[in-house]
Amino acid sequence: MTTGAPTSPYTARRRRSRLRRYLPLGLAVWLVLEIWLLTLVAGAAGGLTVFLLLVAGLVAGSVVIKRAGRRAFQNLNEALQRGGSPARGGGNGLMMLGGLLLMIPGLVSDAAGLLLLLPPVQKAVSRFAENAVERSLRKAAPGSLGDAFRQVRIHRPDGRVVQGEVIRDDRPEPGEHRPPLTR
């Protein structure tokens, strides 16, 4: 048996997060900056130099990604052979991100990719990311995960989703074992 309160078609619109609001603007500014710097360097050093810089960034980025991926795979194999769980990434993810930034055409992305290849920068970025994740987890409402497990989504034939909550009216008899509903 499912029950649920009807939802109003005039619900208040949720506010967009800062990331969703400013990410398109940031991407546009980044693209304009990349194009402006490429034209500036092409005017000073020539088009062939800019082309060679972009090809060098592509090759260097692919080498970095391949090397970081191989190192991550070796760490995983060694951990599995020892019978333990793999250790933390050791900066392989940030090295792959740096290689990806090197592969993206542009001078700003190349500079950011080269910075991410430096171990002190990797440590600082990973520390910042860990702190940001911890802050966002602390802001989460307690018990929200349990509420998510109790809610049920029923798909109707017409494609609509009806949210509800499962309520058991009958009680199990003594000695009868029932699995919990959250599985």
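The following exchange asks how some descriptions of this predicted model are reached.

User: What are the conventions behind the values for this model?

Analyst: Residues are numbered from 1 along each chain as its sequence is written, and side-chain values use heavy atoms, without hydrogens and water. The model is predicted, and local features need a pLDDT of at least 70, side-chain atom pairs count only at pLDDT 80 or more, and totals for chains, interfaces and linings use all residues.

User: What makes α6 the element with the lowest mean pLDDT?

Analyst: With pLDDT being the predictor's confidence in each residue, from 0 to 100, helix α6 (residues 144-150) has a mean of 45, whereas helix α4 (residues 107-116) has the highest, 93. Over residues 146-153 the pLDDT is below 50. Where pLDDT is low, the predicted coordinates should not be read in detail.

User: How do you know that the length of α1 agrees with the expected span?

Analyst: The expected span of a helix is 1.5 Å times one less than its number of residues, so the 28 residues of α1 should span 40 Å, and the 39 Å between its end C-alpha atoms agrees. Helix α2 (residues 47-82), with 36 residues, reaches 53 Å, close to the 52 Å expected.

User: Why are α1 and α2 called helices?

Analyst: Helices are DSSP runs of H or I with at least four residues, and strands are runs of E with at least two, numbered from the N terminus; by that rule the protein chain has 6 helices and 3 strands.

User: Which residues of α2 are called buried?

Analyst: Buried means under 20% relative accessible area, exposed over 50%, and partly exposed in between (1.4 Å probe, protein chains only); Val50, Gly57, Gly61, Val64, Ala68 and Ala79 of α2 are buried, and their cover includes α1 (18-45) and α3 (92-103).

How values were computed. Contact = heavy atoms within 4.5 Å.
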